[in-house]
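Dear colleague,

Please find below the structure that I am handing over to you, together with its sequence. My findings follow directly after it.

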Amino acid sequence: MARSSITTNQKSTVASTSVFSFACVIGGAILAFGTTLLVSNIAGATVSGLFFQVVALFAVMTVACVFGSDTALVRSVSAALALEEHPSLWKLLRWSAIPVAALSSMVGITMWCVAPTIGLITDTPQLAGAIRIAAVTVPVAALMTVAFGFIRGTHRIISFALLQNVILSLLRLLAVAVALWAGAAVATLSTAWATPVAIVAILAWVLVWRTLKSIPRSAPPQAQGIGAEAVTFRRFWAFASARGFASLVEILLEWIDVIAVAIFLGPTAAGVYGVVNRCVHLGSMLEHTARIVTGPMLSASLTTGDAATTRRIFTTTARILLVTAWPFYLTLIVFAPVVLSWFGEEFVAGALPLSIIATVMMFAVSTGGVQSLLLMGGKSHWQLINKCSALVVAVTFNLWLVPMWGLIGAVTAWSAAVVVDYGLATLEVARGLRIHVAWASMLWPALISTVLFGGFALFVRMQLGATLPALAVSVGVASMLAAGIGWKMRRYLVQA
């Protein structure tokens, strides 16, 4: 009874949840884009490069402290709700929050102590204060992430999207604007970046508490004994630890090329490449949101053995990613110089790297939600192997190619790592889980995106040049045509 009702509720809400979540992602992406624009235009490439290094360190340390417990919560909480094991929710939250709080506190203290040494080694004393600010915020950010995992696991995806994508991004934009007005010092910018985390963390934990209070602490009679061995501390952290290592490797993959550029080419080049990285990150947020929306649904369908729903969610996700992400990346490929010129003329040097990365990301999103399917299928150790393989490729190629080819070397290393990561995941999902995207069903969405946002955009650029009016005409006309075609083909695009 419980199993079928969960699946029915998921089917009825997936469309509205997905639309609202993607809207939040777009809003958050615009806000994040605005924040990067402000920093790069006012602070310049050198200060931007130092700021991006602090952001990278903060992101890596936060992921290391969470250690996969947020994803484990998504999987375990949604499964517990599907099986109506309500008492397990309290245990799951304790099992994740207490170890994370302890670990993040130790990491924060360590970062505080070694910050002056890092400043001396890198010959950038201004980094010390910025790193200490990040150190204070790491425990708060780690616990906020745990709360986010619980919220997602209870299917409150809209609340999560509002908190992470809209409220946090908006507060950061406002705080960074004030910091830049006060002075473009790295420590000031770091404070502005980190402070909103505390506000959102409080809001997230208030929502967690209210959610727990609304759920009965005892299981219904018909659910007693169902899956009694499914939730244990050992099983929870066995999954979380594998995901934790994979998440750490994943965040390193996201930032290692920026760090390599900073080491070999200096902070100015790191600032240029950091902006390129942030532009591409806007598109990857669409895939990240797809994971957020579909993760609990996939976990519930896999837990209840509903293979048909699992395949339907997976196929629909792949199509949605293709029709939303491909236009974005194709626009970056054709109009890379125009987009980067918004950050300042010194950032236009990253146009070719941006086009290359955007092309590779088109392949990544075409694989659908393979990463989410691996995780919700309990194959976090498979993903760990994939991420480690990609990291080895990234480190090797960065050390080899960045000194020789500069930014192009960093792009090559990053692209090779992405192909390895997503290629392996696609093979594992197809062969190990027996689920794959019906590539024939992707033909029309791919063709429409390529013709309108690739071919037509290239024609407009050839006629009007690499200018802002050309970009506006291309995106405006292509979007209207795509919307009209999408409306006509809406049944085809959503059917599995």
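**Findings from the structure**

Arg172 is buried, its relative accessible area being 13%. This value comes from a predicted model, as do the others in this message. Arg172 belongs to helix 5, which covers residues 157–182. Setting aside neighbours within four places in sequence, the contacts of Arg172 are Thr35, Phe58, Trp193, Pro196 and Val197.

**Overall architecture**

The protein contains 17 helices and zero strands. Of its 496 residues, 55% count as buried. Among contacts with a separation of 6 or more, 84% are between residues 24 or more positions apart. The protein exposes about 20,300 Å², and carbon and sulfur atoms supply 72% of that area.

**The nonpolar core**

The largest nonpolar core has 138 residues, of which Tyr273 and Tyr329 touch the most other members. Helix 1, residues 2–66, gives the most to this core, with 20 residues. When residues up to four places away in sequence are not counted, Tyr329 touches Val280, Gly283, Ser284, Ala358, Met361, Met362 and Val365.

Leu321 is a further buried position, with a relative accessible area of 0%. Leu321 lies in helix 9, which spans residues 307–334. Apart from neighbours within four places in sequence, Leu321 is in contact with Leu286, Glu287, Ala290, Trp326, Val365, Gly368 and Gly369. Val365 thus appears in the contact lists of both Tyr329 and Leu321. For Leu321 and Gly369, the C-alpha atoms are 8.7 Å apart in space, while the two residues are 48 residues apart in sequence.

**The salt bridge**

The structure holds one salt bridge. Its partners are Lys387 and Asp421, with the closest N and O atoms 2.6 Å apart. Lys387 lies in helix 13 and Asp421 in helix 14 (residues 407–432), so the pair ties together parts that are 34 residues apart in sequence. Are these two charged residues buried or exposed? Lys387 is buried, with a relative accessible area of 1%, and Asp421 counts as buried as well, at 4% relative accessibility. Both assignments follow because buried means under 20% relative accessible area.

**The nonpolar surface patch**

On the surface, a nonpolar patch is formed by Ile259, Ile263, Phe264, Leu265, Val395 and Leu399, which together have about 520 Å² of accessible area. Two helices, helix 7 (233–265) and helix 13 (380–405), each supply at least two residues of the patch. Helix 7 gives the most, with four residues. Helix 13 therefore takes part both in this patch and, through Lys387, in the salt bridge.

Phe264 is one of the patch residues and is placed in helix 7. Why does Phe264 meet the accessibility condition for a patch? The relative accessible area of Phe264 is 36%, and patches are made of residues with over 30%. Phe264 nevertheless counts as partly exposed, because exposed requires over 50%.

**Cysteines**

The count of disulfides comes to zero. As to individual cysteines, Cys279 is buried, with a relative accessible area of 1%, whereas Cys388 is partly exposed at 33%.

**Individual positions of interest**

Phe67 has a positive phi of about 55 degrees, although this residue is not a glycine. Phe67 sits in the loop between helix 1 and helix 2 (69–82). With a relative accessible area of 21%, Phe67 is partly exposed; the assignment as partly exposed follows because buried means under 20%.

Lys91 is found in helix 3, residues 87–121. Lys91 counts as partly exposed, at 30% relative accessibility. Which distance separates the C-alpha atoms of Lys91 and Phe233? The separation is 8.6 Å, although Lys91 and Phe233 are 142 residues apart along the chain.

Yours sincerely

Key. Residues are numbered from 1 along each chain as its sequence is written. This is a predicted model: local features need pLDDT of at least 70, side-chain atom pairs count only at pLDDT 80 or more; totals for chains, interfaces and linings use all residues. Side-chain values use heavy atoms; hydrogens and water are left out. Patches are made of residues with over 30% relative accessible area and no salt bridge: like charges are joined within 9 Å, nonpolar side chains (Val, Leu, Ile, Met, Phe, Trp, Tyr) within 5 Å. Accessible areas come from the Shrake-Rupley method with a 1.4 Å probe; for residues, only the protein chains shown count as cover. A salt bridge is a side-chain nitrogen of Lys or Arg within 4 Å of a carboxyl oxygen of Asp or Glu. Buried means under 20% relative accessible area, exposed over 50%, partly exposed in between (1.4 Å probe, protein chains only). A nonpolar core is a set of buried Ala, Val, Leu, Ile, Met, Phe, Trp, Tyr and Cys residues joined through side-chain atoms within 4.5 Å. Contact means heavy atoms within 4.5 Å. A disulfide is a pair of cysteine sulfur atoms within 2.5 Å.
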